[in-house]
Structures are given as C-alpha cells and as structure tokens.
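Please find below a colleague's note on this model, set out as numbered points. The points take the nucleic acid strands, the salt bridges and the relation between chains in turn.

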4 protein chains.
Amino acid sequence: MRFDETKPIYLQIIDLIFDLILQKRWEEDSRIPSIRELAFELEVNPNTVAKAYNECLDLGVIYNKRGIGYFLSKDSYDKILNIKKEEFIKNEVPNLAKKMRMLNLSIDDLISYINQANIE
Amino acid sequence: MRFDETKPIYLQIIDLIFDLILQKRWEEDSRIPSIRELAFELEVNPNTVAKAYNECLDLGVIYNKRGIGYFLSKDSYDKILNIKKEEFIKNEVPNLAKKMRMLNLSIDDLISYINQANIE
Amino acid sequence: MRFDETKPIYLQIIDLIFDLILQKRWEEDSRIPSIRELAFELEVNPNTVAKAYNECLDLGVIYNKRGIGYFLSKDSYDKILNIKKEEFIKNEVPNLAKKMRMLNLSIDDLISYINQANIE
Amino acid sequence: MRFDETKPIYLQIIDLIFDLILQKRWEEDSRIPSIRELAFELEVNPNTVAKAYNECLDLGVIYNKRGIGYFLSKDSYDKILNIKKEEFIKNEVPNLAKKMRMLNLSIDDLISYINQANIE
DNA sequence: GTGGTCTAGACCACC
DNA sequence: GTGGTCTAGACCACA
C-alpha cells in the first residue's frame, strides 16, 4: 500500500481501520489481522501497526486477548461513527462556515459545488 | 495565542495572515508588523514568524523594503481570494462530499449544522 | 470469567484456587476439577490451567494420581494461609504504609475506606 | 538507575515521574528533562522514555511544545494525587478488605502490622 | 503462534 | 537543540 508522505503512517492505518469497519468489511466481535500479518500486508514495520492498534485500543474500538490477537469491539461501528460525526460537527463545520464567510460564499454556492463534486 | 498541535505553527501563522488580509484588517500597500513584533505578540520564536513571512514573500502576497519592514502587496486581497477559492473547490469540497457520504449525512443535515455554527 | 489484563492469567487462576481453598469450597484430600473441566468453565486454554496446576503442585498444595485426577493436599488450607499471611505482612503491609504516607492518608482514613468497601 | 525486572521499564519511569512530582522536586508549569536527557541519565533508550512521556501526556500530567520540550501541567500535583487516591480506593482497598477476610484478620491486626512497618 | 517491550539508530520538521 | 516517526530486529511471557 502507498501512503501519503505528509501524514504519519500509523494515523493512515487508523483511518484505514476505521474505513474497513464503516464499510463493514471487518466483522464486529471477531478477530482482525495480527500485528505481523497487517504489517506484512501493508509493507510496514510491525511497530507501526502496533502503534495504530494501540490508539484504537485507547478509543475502545478494538480489544485484545494475550497470545491470541486483536478483536473488533461489539459497538465499533457506532463508536467510530460517533467519533467521526462529533469531530465533523465540532471542528470541520465551524471551519467550513468561517471559510465560506471569508471567501464570501453563500450556502447555495456550496450546494452547487458539492453537487458538482458528486457528479464528477 | 494557542496553536493547534497537529499543524506547524508557521503554517498557522500564514493562515492567520491570510485571514487578516481577507478581513481587511491589514491595509494593502502599507506596513505590517515586523517579525519581532508579531513574534512577541503571538508568543512565538521569531524564526517561526520569519518562515511564515518568507512563504508569503514567495507567494507575492507581501514584499519588504530593507531596513524598513514588510508591506502588503497591492493585489494581496485578490491573490489570496483566488488561492483560497481554488483550493476550496478543488480539495475541500470533494473531501466534504466524501465525508458526508461516509457519515451518511444529507445536504440538509450539513446546512443545519452550518447554520447552527453561524449562530454560536 | 473476566481476567485482569495486567497479570498473567495462570497467576490469576492460582489466586482463584487459593481463594476457593481458603473459603473451604474445595474439600481437602478430595478430587478437584480436571484441567479440561476448569479450562472449559473459565473459558481458557487448557495449557493455561495446566501451568497453574503445575505451580500448585510445586507448592505442595495439590497432588495428582495418574489417570485419576488432581487432589487437594491434606494440609492445603494451612499451607496457603501461611504463605499468604507471610507475604501479606512482609510485602503488602509495608507497601500499604508507604502508599498511605505518599497519599497523606491517616489510619482512620484507611479504616473508613475499608468499612465502606465491606458494606458495598 | 536499576529497574525491576518484573515490570516494564516505561511504567517504572512513569512511577518515577509521579514520585518526583509528588515530592515537588519538579516544578509545575516548568520544563522537565528532554527525552534524550532523561534517557541518558536513566541509561535507557530514548524510545522508552518517549513512551512514558506519552502516557503522561494522555493523562494530562505534562504537555509539550514542539522543538522546545516537555513541561509539567499546572495542576500536575493534584492530578496525580487524584489518580493515585482513586486507584487506591477503587482497587487496593477492596483487595485489602477481601484479603483480610480470607486471612481472618481484624482491623486491629492490620493496624498493629502497619504500626510495626512504620517503626522498622 | 500471539502481543509487549526494548534497543539502536535513522530521518524529519520545527523552534 | 527539540520531539515525532519509522525501521530492523531482538527477547520475553503467554496461549
């Protein structure tokens, strides 16, 4: 996998994990790839995957059993949706609003831009 | 001033400068604070402000007269407006659209969030 | 059964065995669950229970008859009581005293906490 | 510095940091040793210190400024005292109470043990 | 096999 | 100088 140079790999792995969960490609409450497996697949050092898994642990999105592996939490999907939604409303929307004011754009302008982006 | 830990301070200072220009709080073709003044005000290392000013120089948004100080270019407002608008439509809007799909949000949801943000 | 993540499971199983003996819920000189039975009940790998039983064997707290099973030693209760009491006075009490000094807690504080814990 | 073999070094470093704060040997809101300095002093790999500092960051006990260093939070002393006290009451006291019941020890027994430990 | 910890050393952006 | 990230590889306890 190719990673964006401007963002830490472990953060991109977290994004990847979140996406896989949101797309329901990883099943809740069942085992996910081991650190070594995922590291091999992503062509990345195991420590880097471990760091990503560790952050997900802190967020309660996954849990682990010693000597066995990592598992998705039962409510991982909801948890991530909440995390993302909250972050969206708290941070991105205000930034967006501020930017629109600065660029002198109306909500109608925004809507048309979004529709255009969705078509392309 | 408090800075976001996830983004280089000098980039945040550039954002700040752009904002001040767009809000017409700095006048075109007239002197802006010296590196030291701004560094003192922002509680930041002068090197950091210098780096931000340098980037603005490269963009042609400001110019300097040796021994006198830094000045806003005559067309700084238009320049920035163009830079920002283009970047907004090319990058931010598509990201926004993608995120809305992922979070299963409609345009109406977005509008209500924006209105809410504008009230607060 | 839920185990504490910070301590090896086999040690926690030993603690559990000791508790069962001290609470006289396992009878001296009579058969205790087989490795497989206990492993099934605790939802744990049989190897893990085997490791715990082995330690108990070494301590002389249990013995086994080949092909028949594991049994509590006749003096298991006394043995464990002595082991635990000694360890309590030698290690835990000094640690407790040190911690109380650090947290600036008096003996009266401690007593009230204990009473509260006993009520709940 | 010598570390206990049975416990991860980074956790022991956290304990050390907490002790230094509780003993007021590190001043609040002022700089603490850099990762490299502390690593050198403790004869440990910088990564290990970084891991300890990182956990303290999460707990809000310290904060950092990029390119400058780590600093104690203003309320680090209170924070740690609360963390430790809470952990003491929630975990250690109930364990103590349970153990006393199991070993058939009264509160008076405990008090005499503690006094004895404080004399020695 | 698994995860957890640790080392040695590298490169980078930032101040 | 600082912290942040990442690699390569080691050893250990645990299941």
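1. Which atom of DNA strand F is 2.9 Å from an N or O atom in the side chain of Asn64(D)? The partner is a phosphate oxygen of that strand, and the pair counts as a polar contact (a pair of N or O atoms within 3.5 Å; within protein, one must be able to donate a hydrogen and the other to accept it, and residues adjacent in sequence count only if both atoms are side-chain atoms).

2. Before going further, please note that this is a predicted model, in which local features need pLDDT of at least 70 and side-chain atom pairs count only at pLDDT 80 or more, whereas totals for chains, interfaces and linings use all residues. Residues are numbered from 1 along each chain as its sequence is written, chains are lettered from A and ligands numbered from 1 in the order in which they are written, and side-chain values use heavy atoms, with hydrogens and water left out.

3. Two further contacts of DNA strand F also involve chain D. A polar backbone atom of Ile35(D) is 3.2 Å from a phosphate oxygen of the strand, while a base nitrogen of the strand has a polar side-chain atom of Asn47(D) at 3.5 Å. The elements that give two or more residues to the surface near this strand are helix 1 (9-22) and helix 3 (46-59) of chain A, the helices 1 (9-22) and 3 (46-59) of chain C, and helix 2 (35-42) with strand 2 (69-72) of chain D; helices (H or I, at least four residues) and strands (E, at least two) are DSSP runs, numbered from the N terminus.

4. Around DNA strand F there are 28 residues, of which Ile9(A), Asn47(A), Thr48(A), Pro8(C) and Tyr70(D) come nearest; a residue is near a strand if one of its heavy atoms lies within 4 Å of it. Of the atoms of DNA strand F that come within 4 Å of the protein, 72% belong to sugar and phosphate. The residues of this surface divide into eleven nonpolar, eleven polar and six charged, where Ala, Val, Leu, Ile, Met, Phe, Trp, Tyr, Cys and Pro count as nonpolar, Asp, Glu, Lys and Arg as charged, and the others, Gly among them, as polar.

5. DNA strand E likewise has 28 residues around it, and those that come nearest are Pro8(B), Ile9(B), Ile9(D), Asn47(D) and Thr48(D). Sugar or phosphate supplies 73% of the strand's atoms within 4 Å of the protein, and bases supply the rest. The surface near DNA strand E has eleven nonpolar, eleven polar and six charged residues.

6. The contacts of DNA strand E reach both backbone and base atoms. Phosphate oxygens lie 3.2 Å from a polar backbone atom of Ile35(A) and 3.1 Å from a polar side-chain atom of Tyr10(D), whereas an N or O atom in the side chain of Arg36(A) is 2.8 Å from a base nitrogen. Two or more residues of this surface come from each of helix 2 (35-42) and strand 2 (69-72) of chain A, helix 1 (9-22) and helix 3 (46-59) of chain B, and helix 1 (9-22) and helix 3 (46-59) of chain D.

7. Over all chains the structure holds 18 salt bridges, each a side-chain nitrogen of Lys or Arg within 4 Å of a carboxyl oxygen of Asp or Glu. One of them pairs Glu92(A) with Lys99(B) at 2.9 Å, N to O; because Glu92(A) lies in helix 4 (residues 76-103) of chain A and Lys99(B) in helix 4 (residues 76-103) of chain B, the pair joins two chains. Glu92(A) is partly exposed, at a relative accessible area of 27%, while Lys99(B) is buried at 17% (buried means under 20%, exposed over 50%, partly exposed in between, with a 1.4 Å probe and protein chains only).

8. A second salt bridge links Lys98(A) and Asp19(B), at 3.1 Å from N to O, and it crosses from helix 4 of chain A to helix 1 of chain B. Here Lys98(A) is partly exposed at 39%, and Asp19(B) is buried at 11%.

9. Chain A is superposed on chain B by a rotation of 174° with 0.7 Å of shift along its axis (RMSD 1.3 Å), using least squares on the C-alpha atoms of residues with pLDDT of at least 70 in both. That is the relation of a two-fold axis, and the C-alpha of chain A nearest the axis is that of Ile111(A), at 4.3 Å.
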